[in-house]
Each structure stands twice: as structure tokens, then as C-alpha cells.
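Biologist: Before I rely on any label attached to this model, I would like to hear the reasoning behind each one. Could we go through them in turn?

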Amino acid sequence: MRSRTAQEIWDAALGELQLQVSRANYRTWLEKTKGLSYQENQLVLSVPNTFVAEYLDKNLRSLIEKTLMGITQSEVRVGFTVDSLSSAVEAKPGQSVNLPAVIPQSGNASRLNPKYTFDTFVVSKCNRMAFAAACSAADKPGVSSYNPLYIYGGVGLGKTHLLNAIGNAAVTKGMHVIAVSAEQFTNEFVTTAIRERKAEEFRSRYRNTDMLLIDDIQFISGKEATEESFFHVFNDLRDADRQIVLTSNCPPHSIPAIEDRLRSRLEWGLSAGIHPPDFETRLAILQAKARKDGVELAPDVLTFIAESIRQNIRELEGSLNRVVAYSRLLQTVVTPALASEALRDISDRHPKSPPAPLLLVEAVAAYFNLGIEDLTGSKRDKQTMLARQIVMYFLREKTELSLASIGRELGGRQPITVSQSHKKISKELADNPEVQQAIQAIQQSLR
Ligand code: ADP
Ligand code: MG
């Protein structure tokens, strides 16, 4: 293999890092970095500003270096160069970078992520209601039947995406939008209203917006003063028919430790849940993303990824990136086998230990309505023979057992018989519906 370029190595690393740090952290600190040079085990990254360089140096260096080590199989030290400066700032371990005063702007439309729009959101039965409600809120903001609009669901299912899509649409129409996370809201409240005693200023900034979007509202529960101030902002805005949209990891009635008067207000408008994506949705999201990124992947690869990652769309996207980065790194076309290799550690994170041989034998026997002793015995009717071949196929595919030990397990059969059975079933999987159905049903029962 020719030597890898810095960018290829870094792309592969980003694919992995995306799965290891939160989306927010990824976006803030990693997304805009590039691999600049790779020499003598030092990888220099270009970063957009010294703020990012310092953050990466202090907080993510060891994770980055560990990840790079996994990819290059050697120790790698990472350095940072700031993109926009002519004089490179290289951060060495333990040495800090001069930090200009970069203060993140607070609470205005610029916080919206322009990538998250309605166009790029794949609609399916898992999120249709939330999507429709979000479109209404963007289209005709302030209507009391969906004010507030409360979108809830598990991690990585598109809540932040929809929230930003609403905000982006509203900004296009010239509305003033405040978009914050509940954490930012809390911090801002604590700094402005409490520490600097500017409670009035804080409240008036929020009450004067056309639309207020708060992400992950569950975080304000238990913070009494913040909750109280949110309660007032909420009332001000709703009285003035300004649209409020909130997201949360659970429906209003399940947020722990919030005051009843606030809870009941959260239920005034419309609550819409987003549910984990089904297979078709996962596949559609992968196809859309591949198209957007201009990568071409065979349908069986996309199917493989959609089958491997089930719960979380963020992970689904991360997995696609990782598979693509791997294939670039290895300069080979992506096959399901390569994808499986690339995603190995991820599946490890949801450990799926290989099924015990006995379990496989039982599953096959159950499907064919036979006893285990039939499979290990000498019955030679058509049905039993087929079942036996399918057991051999499964044992070969799903366990580490050798041909010889599979033969032994199944009542002392020859390795060559095992090998022939495996071949026969593999072939029939392509064109024999009876075999296809059996394999699918057995696989299902193993899950
Ligand atoms: P949440 O806020 O629910 O944790 P996000 O909105 O951050 O999840 O979504 C995680 C990732 O998945 C984002 O990159 C987002 O664009 C993508 N995503 C989620 N749902 C969809 C969807 N229905 N269509 C397209 N992309 C989606
Ligand atoms: Mg989110």
C-alpha cells in the first residue's frame, strides 16, 4: 500500500472520533479540522483558530492520539496549526497556545446550524407527526394549538435537527429567532441575571424575540431559579403569540423534578414524539447522506450498515463516514465484509457475543420441528438432511469452530461433508426460496 496522506489518516480518525465524542463537541472542535502533514509520526492538523487548538490540546489530545494509534498501528504525536494565521502555532504537549479572546456569541440566530433544514430531514412513520408539527410551527408560528411545540425522543433521533430546521425557516422569513440549549439558557441566566444583576435585561432580551427554541429542556429541571425565569419568559412569549419550540428526551409528564405549573404549561400546546427509525428509514437516511456526500456505495453495503446500527441516527451517519474513510484509507471498494471490519469496534460497543453452537443447533431444530438428536443422528429423509445442512452452514458462518469440530458436534461427520453442506446452502441462499425463508426465520429467532 502506498503511504497514506495526512488527510486520509485524519479522515479515518474523524470517522471514529465522531462516534466517541458528543455531537456538539464534534461540531465545535473537530469538524473543521484538516490533516495537513504526516511525517516522522507527527500528524499536524490545521484548525480554524487558536481557541480550537487549545481545546483540542488540553482536552482531546489523548483520545486523538489513541485513535490515531489504532489506525496507523504506531505512536503518533499530534500538532496543531491555525489555519488563518501565517505564523503557525504548534501546540506541544503541556505547552499552551496564546488564546485570543474568542467569546462564543450567545443566544441569537447565528447559533442555528444551517445544515439542519427540512429538506435534509428524511420523513417516515417514526417521525412524521413531529415533522408535520415542526413545519406548521415554521409556517404559521404562534398558533396556540401547537404553542409550545414540544418534541421528544431518544438520543440521536433528529430533535436538534428539527429544531434548527424550524429556526432556519423562520430566519429566512425575516423573523428574529433565539435558539439555545437549556444549558446555555441556564448559564446565561446565571451570568447575566444573577451574577451581573441584570435580570430585567435578560428577560427583555428573551421576551422580545419572535421565536424561542430551546434544545434539551429537561436540563433545566431541578434548577429552581432558572426554571422560574424560564416560566416568566414562557408566559410573556405565549401571551404575545410568539412561537416556542422545546425538545426533550422525554414527554412533559416524565421530566423529573420540575414544578407542576411549568409542567402543565409544557403540555398546553402539542407534544410530538420521535421514535427510533425502522429499517426502511435507516436505509433512506443512509442513501440520502451518501448522495449528499457524493459517495457511491453498493446497495448491500448500505443494507449492511442499516442492519448493524439500529437505534441512533447519529451513529448511523458516523458509521457511514467510518466505512467510507476506511475504504479510502485502504484504497479498495467497499464490500459488506469491509464495512463489517470497519464497524467492528462499534458492534463491540453493543456486545453481541457469537451465539453458542448449541443455541444454533436448537434454533434450527426448532424451525424444522425436529429434535437435536435428529440432527446429530442418521435419519436421511429430505427435511432432516436439509436441516442438518443448514446447521452446518450456521456453525460455519457464525462460530469459530473448525470443519472437523463441526463434524464431530453433529454426530461424527466428515469435515468434507460439512464443507460441502456449507457450500450448497450458500449457493441455494441465492435462488432457493425455501432455504432463504428458513435462514431468515432462524436468524430472526436467534435475535
Ligand atoms: P437528537 O437531537 O435527537 O439527539 P440530532 O438532531 O442531533 O439528534 O440528529 C443526529 C444526526 O442524525 C444529525 O446529524 C441529524 O442530521 C441526523 N438525523 C436525525 N434524524 C434524521 C432524519 N430523519 N433525516 C435525516 N437526518 C437525520
Ligand atoms: Mg440534540
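The conversation below takes up the labels one after another.

Modeller: Please keep in mind that this is a predicted model. The chain has 20 helices and 8 strands, and of its 447 residues 47% count as buried.

Biologist: What makes strand β6 (residues 211-215) mostly covered?

Modeller: A residue is called buried when its relative accessible area is under 20%, and 5 of the 5 residues of β6 meet that description. Met 211, Leu 213 and Asp 215 point one way from the strand, while Leu 212 and Ile 214 point the other way, and all are buried. In a regular strand the side chains alternate between the two faces of the sheet.

Biologist: How do you know that β6 pairs with strand β5 (residues 177-181) and with strand β7 (residues 243-248)?

Modeller: Pairing requires at least two bridges between the strands. There are 5 bridges joining β5 to β6, which run parallel, and 4 bridges joining β6 to β7, again in parallel, so both cases satisfy the requirement. As examples of facing residues, Val 180 stands opposite Ile 214 in β6, and Met 211 stands opposite Gln 243 in β7.

Biologist: Why is the combination of β6, helix α8 (residues 224-239) and β7 called right-handed?

Modeller: The term applies because, with the strands pointing away from the viewer, the path from the first strand over the helix to the second runs clockwise; β6, α8 and β7 make a β-α-β unit of this hand. Strand β2 (residues 42-47), helix α3 (residues 50-72) and β3 likewise make a right-handed β-α-β unit. There, β2 and β3 pair in the parallel sense over 6 bridges, with Gln 42 opposite Arg 77 in β3, and 5 of the 6 residues of β3 (residues 77-82) are buried.

Biologist: What makes the approach of Thr 160 to ligand 1 a polar contact?

Modeller: The limit for a pair of N or O atoms is 3.5 Å, and an oxygen atom of ligand 1 is 2.7 Å from an N or O atom in the side chain of Thr 160, so the pair qualifies. A polar backbone atom of Gly 156 is also 2.7 Å from an oxygen atom of the ligand, and the side chain of Tyr 116 has an N or O atom 3.4 Å from a ligand oxygen. Taken alone, ligand 1 exposes 550 Å², of which the protein buries 95%.

Biologist: Which residues make up the shell around ligand 1?

Modeller: The ligand is surrounded by 18 residues, the closest being Val 122, Gly 156, Thr 160, His 161 and Glu 317. The shell divides into 7 nonpolar, 7 polar and 4 charged residues.

Conventions
Residues are numbered from 1 along each chain as its sequence is written. Chains are lettered from A and ligands numbered from 1 in the order in which they are written. This is a predicted model: local features need pLDDT of at least 70, side-chain atom pairs count only at pLDDT 80 or more; totals for chains, interfaces and linings use all residues. Side-chain values use heavy atoms; hydrogens and water are left out. Buried means under 20% relative accessible area, exposed over 50%, partly exposed in between (1.4 Å probe, protein chains only). Helices (H or I, at least four residues) and strands (E, at least two) are DSSP runs, numbered from the N terminus. A residue is near a molecule or strand if one of its heavy atoms lies within 4 Å of it. A polar contact is a pair of N or O atoms within 3.5 Å; within protein, one must be able to donate a hydrogen and the other to accept it, and residues adjacent in sequence count only if both atoms are side-chain atoms. Accessible areas come from the Shrake-Rupley method with a 1.4 Å probe; for residues, only the protein chains shown count as cover. Ala, Val, Leu, Ile, Met, Phe, Trp, Tyr, Cys and Pro count as nonpolar, Asp, Glu, Lys and Arg as charged, and the others, Gly among them, as polar.
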